[in-house]
Amino acid sequence: MTTTPPRPDPALPYIEQRPSPERSARSWVVTTMALAQLGLFLALLTPVFSSLAIKVQDLVPSDDEVSALGMVSSLGALAALLANPVFGRISDRTTGRFGRRRPWLVIGALGLTVGLAVIATAQSLAVVAVAWFLSQMFANAALAAFTASVADQVPVFQRGKVAGLIGVMQNLAILGAAYAARVLGTDVLLLFMVPAAVGLALVVLYVIALPDKPLPQRPPSDGGLRTLLRTFWVNPRRHPDFAWAFVSRFMVILAMFMFTTFRLLFLQDQLGLSDDRAVSVMATGVLVYTVVLMAAGQLAGWLSDRLRRRKVFVGFSALVFGIGTAMLITTHSVADFYAAEAVLGLGFGVYAGVDLALVLDVLPDPEDSAKDLGMFNIANAAPQSIAPAVGALLVNTAGGHEYHLLLGVAAAVCAVGALAVIPIRKVS
């Protein structure tokens, strides 16, 4: 059964004024939407958290592992930074009977699958780097269309709940990525292609369910270089809330990837675990992280909708995530690692459950949602491109196998992300 919200009242808060669908998204659409999020991130994050590191270790000497993994990861994240806003704008302007979002969901998922197949069979680091760049490019074509479809389909009064579910699915994908190495072993082809096949299937399922209305005609273009530059720009003076949300997301994601890129190496170096033991401990740690995250994300999304509050949840979550990162500094046992993962799960669970809803509420132009969300995705992609290089520099500065400096800086960065939501005015 669907419900229709009351007509907007000028006296109500800004959060209720944003143009959005008038009816709740159908349960089948929301279910397949969540599954598509799970599939895309399972295919994308399995390389990030396990298989890419294993592949790099097969191709370079052990002394070069950190630098090589940092280089490949940064190159891929650069592709994400560039591709997401560009394909977001293309998605907004796509015409045809299949709709605006469907074509790019399919093209992106197929391109990602092919790119991962190339990495799995590559015989040189150069081929891995180029293929990872292309994989990230296609993945972000799909992600740009996917995130815009959330804005298209989900009304304001349902966004906290749906954002919480989507956030849980993204982090459930992290759990799947961690366990992939444990279940599939060291067979690199399986490690890359099984998650890719699952991701492609779930995206196709969402494409079938998605009520993506065709665009009658392409919007007028400002033309040439001006249009391209506007793809990567939202005026922070005209849209300060969007700018502050951007800063908060940038800092939190930077802190997250400064550690997670090197999570497996951290367990090997910091705790002295063997390769097999490190993979097993990482999988269990991510399980603890995800269980806590799922509960926290769903509760936070529900409470956010009920209380009509976003900022307090985002600020709280970023601070807790920073505390969890700081706890890793004093980690000297597997039990300590699991405790830190639980705190990290609490922090990022609340964050994932609410932050997307906050972002959707402060979009500068709902009619150009994919472009603006693509621009906002720079706050996801840019930190991922910076974090591996910064993390490798900090680890090498501390001696090559020490992570205290890296974790301390990450905790401080996360605290800045928490403070950045305070100036946001149009959302409570």
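Select N140 in this predicted model and show the residues around it: leaving aside those up to four places away in sequence, N140 touches A80, A83, N84 and N377. If you then colour by secondary structure, you will find N140 within helix α4, which covers residues 125-153. Is N140 buried or exposed? It is buried, because its relative accessible area is 3%, and the cut-off for that word is under 20%.

Keep N140 selected and add Q136, whose backbone oxygen lies 2.8 Å from a polar atom of the N140 side chain. Next, add W104 and draw a line between the two C-alpha atoms: N140 and W104 are separated by 36 residues in sequence, and the distance in space is 9.5 Å.

Now turn to the empty space inside the model. Rolling a probe the size of a water molecule over the atoms shows where such space is left. The structure holds 5 cavities of 30 Å³ or more, and the largest of them contains about 620 Å³ of space. To find its centre, select F41, Q170, R249, N377 and N380, which are the closest to that centre among the 36 residues of the lining; N377 is also one of the residues that N140 touches.

Which elements give two or more residues to this lining? Select α1 (27-59), α2 (65-92), α4, α5 (159-184), α8 (240-260), α12 (334-361), α13 (369-376) and α14 (378-397) in turn, and pause at α4, since the largest share, 7 residues, comes from that helix. If you colour the lining of the largest cavity by residue type, you should find 23 nonpolar, 11 polar and 2 charged residues.

Move on to the second largest cavity, with a volume of about 90 Å³. Select V48, L52, S73, A77, W132, Q136, F257, T261, Q384 and P388, which line it, and notice that Q136, whose backbone oxygen you located beside the side chain of N140, is in this list. Two or more residues of this lining come from each of α1, α2, α4 and α14, and by type the lining divides into 6 nonpolar, 4 polar and no charged residues.

Finally, colour the whole protein by pLDDT, for which the mean is 80, with 86% of the residues reaching 70 or more. Confidence is highest in helix α3 (residues 102-121), at a mean of 94, and lowest in helix α7 (residues 224-231), at 55. Over residues 1-19 pLDDT stays under 50, although the model has 32 contacts beyond four places in sequence for this stretch. Where pLDDT is low, the predicted coordinates should not be read in detail.

Key
Residues numbered from 1 in each chain as written. Heavy atoms only, no water. Helix = DSSP H or I, 4+ residues; strand = E, 2+ residues; numbered from the N terminus. Buried < 20%, exposed > 50% of the residue type's maximum accessible area, 1.4 Å probe, protein only. Polar contact = N/O pair within 3.5 Å; in protein donor to acceptor, adjacent residues only side chain to side chain. Contact = heavy atoms within 4.5 Å. pLDDT = per-residue confidence, 0-100. 1 Å grid on protein atoms, 1.4 Å probe; cavity = no way out; pocket = protein on both sides within 12 Å on 5 of 7 lines; lining within 4 Å. Points joined across faces, edges and corners; volume = space filled by probe spheres on them. Nonpolar A, V, L, I, M, F, W, Y, C, P; charged D, E, K, R; others polar.
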